[in-house]
Amino acid sequence: MSSTELPSAPAANVLPKVATVRVAEGERLRSVGLPGITLTVRSRPPAREGLPPALYVHGLGGSSQNWSALMEQLEGDVDCEAVDLPGFGDSPPPDDGDYSITAHARAVIRYLDASDRGPVHLFGNSLGGAVTTRVAAVRPDLVRTLTLVSPALPELRVQRTAVPTGLLAVPGVTALFTRMTRQWTAEQRVRGVMHLCYGDPERVTPEGFRNAVEEMERRLQLPYFWDAMTRSARGLVNAYTLGGQHALWRQAERVLAPTLLIYGGRDQLVGYRMCRKAARSFRDSRLLTLPEAGHVAMMEYPEVVARAFRELVAEAGEPATAGRVVGEGTTGSAGKGEAVTENAGS
């Protein structure tokens, strides 16, 4: 069954009105129109002028909000922007319905070319890690450094806890799941996601939980929500099967930028054991392992991730040994064409 057999998402200009996306204090949202896509970009004004640019790319089912805590930590180091990939967050579906890794990478490249912000410090989590790996491999001119938090790169033995997410790519599974979970509340769904993605869900504050429930309620009103999830999951699985120069591990070997790899010991979606292969594959890599972290270390331990990034940048101009292992819980040598509207946080 091809992806074209999935229900078509309605055009962006006929989408129903839903609740507005949350904008944290100090953040701004703007909508950027590019050929075939419209992207929502979340930004945080830098602490001072002249800081180098950074771009953050979220994972499957996530949004630019996943980076808010880290952006606040790094506002004195980089000029932060986080993008909602097409079909996620506040970005409408792409015109062509293409949610492949290549299409997501193309969206990031189009934005960087149009905004003329490159080269940037590029961050990716999970699906976003696969996307940014491809961006760094094919457009090294756009990337200063690469920071990957639990990147979704191919695994030979997938963890059992990751299987349900991967099954979204199987035809018919999404429709079955939505029927089976029709009575689930937004609170139940959020608790399930947090237990899957966090090493310790108790680290989520009551305010953070309420914000997540509010966002889940908003997403469930979007007619293309499950379509974007399904097609992106399928795109990720398809990327795992590609060989030759398009294989993700082969592209990881082509990345020239200094790379920081962050893996959580309690990650239920990306195998912790893959950290060593990643450290060997990226030629100029530093590895940070966090035994208590889950799949979203930048949300659980933003201070630690920020410190590791600063150390990466401090070393970026120095010769580095590929595959350097930092240790556990510590860091060390480890525009043009835009249609813009803004929404400022309170």
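# Contacts, backbone and cavity in a predicted model

Biologist: At 12% relative accessibility, does Arg 219 count as buried or exposed?

Modeller: This is a predicted model, and the relative accessibility of Arg 219 in it is 12%. Buried means under 20%. At 12%, therefore, Arg 219 counts as buried.

Biologist: With which side chain does Arg 219 meet in a salt bridge?

Modeller: The N to O distance in this salt bridge is 2.8 Å. The partner lies in helix α7 (residues 206-220), as Arg 219 does, and the two are four residues apart, about one turn of the helix. The partner is also buried, with a relative accessible area of 9%. The side chain that meets Arg 219 is that of Glu 215.

Biologist: How many salt bridges does a search of the whole structure find?

Modeller: The bridge between Glu 215 and Arg 219 is one example. A pair counts when a side-chain nitrogen of Lys or Arg is within 4 Å of a carboxyl oxygen of Asp or Glu. Over the whole structure the number of salt bridges found is 15.

Biologist: How many residues apart are Arg 139 and Asp 113?

Modeller: Arg 139 and Asp 113 form a salt bridge, with their closest N and O atoms 3.1 Å apart. The pair links distant parts of the chain: Asp 113 is in helix α2 (residues 101-115), while Arg 139 is in the loop between α3 (127-138) and β6 (143-149). Along the chain they are apart by 26 residues.

Biologist: What is the relative accessible area of Arg 139?

Modeller: Partly exposed residues fall between the limits of 20% and 50%. Asp 113, at 31%, counts as partly exposed. Arg 139 is partly exposed too, with a value of 22%.

Biologist: Which residue forms a salt bridge with Arg 266?

Modeller: The closest N and O atoms of this bridge are 2.7 Å apart. The pair links distant parts of the chain, with Arg 266 in the loop between β7 (259-264) and α10 (274-281) and its partner in the loop between β8 (285-290) and α11 (297-300). Arg 266 is partly exposed at 40%, and the partner is partly exposed at 39%. The residue is Glu 292.

Biologist: Which residues do salt bridges that share partners join into one network?

Modeller: A network arises here where salt bridges share partners. The residues joined into one network are Arg 30, Asp 79, Glu 81 and Arg 117.

Biologist: Which backbone oxygen lies 2.9 Å from a polar atom of the side chain of Ser 285?

Modeller: Ser 285 lies in strand β8 and counts as buried, at 0% relative accessibility. The backbone oxygen of Phe 282 lies 3.4 Å from a polar atom of the Ser 285 side chain. At 2.9 Å lies the backbone oxygen of Ala 279.

Biologist: Which residue does a cis peptide bond join to Gly 118?

Modeller: Most peptide bonds are trans. In this cis bond, omega is about 0°. The partner of Gly 118 is found in the loop between α2 and β5 (120-125). The residue is Pro 119.

Biologist: What is the phi of Ser 150?

Modeller: Most residues other than glycine have a negative phi. Asp 116, in the loop between α2 and β5, has a positive phi of about 60° and is exposed, with a relative accessible area of 60%. Ser 150 is found in the loop between β6 and α4 (163-166) and is buried at 1%. Its phi is positive, at about 45°.

Biologist: How much space lies in the largest cavity?

Modeller: The lining consists of Gly 87, Phe 88, Gly 89, Arg 218, Arg 219, Leu 222, Tyr 224 and Phe 225. By class these residues divide into four nonpolar, two polar and two charged. The space in the largest cavity is about 40 Å³.

Biologist: How many disulfides does a search of the whole structure find?

Modeller: A disulfide is a covalent bond between the sulfur atoms of two cysteines. Cys 80 counts as buried at 0% relative accessibility, and Cys 275 counts as buried at 4%. The number of disulfides found in the whole structure is zero.

Definitions and conventions
Residues are numbered from 1 along each chain as its sequence is written. This is a predicted model: local features need pLDDT of at least 70, side-chain atom pairs count only at pLDDT 80 or more; totals for chains, interfaces and linings use all residues. Side-chain values use heavy atoms; hydrogens and water are left out. Buried means under 20% relative accessible area, exposed over 50%, partly exposed in between (1.4 Å probe, protein chains only). A polar contact is a pair of N or O atoms within 3.5 Å; within protein, one must be able to donate a hydrogen and the other to accept it, and residues adjacent in sequence count only if both atoms are side-chain atoms. On a 1 Å grid over the protein atoms alone, a cavity is a set of points where a 1.4 Å probe fits but cannot get out, and a pocket is an open set with protein on both sides within 12 Å along at least five of seven lines; lining residues have an atom within 4 Å of a point. Grid points are joined across faces, edges and corners, and a volume is the space filled by probe spheres set on the points. Ala, Val, Leu, Ile, Met, Phe, Trp, Tyr, Cys and Pro count as nonpolar, Asp, Glu, Lys and Arg as charged, and the others, Gly among them, as polar. A disulfide is a pair of cysteine sulfur atoms within 2.5 Å.
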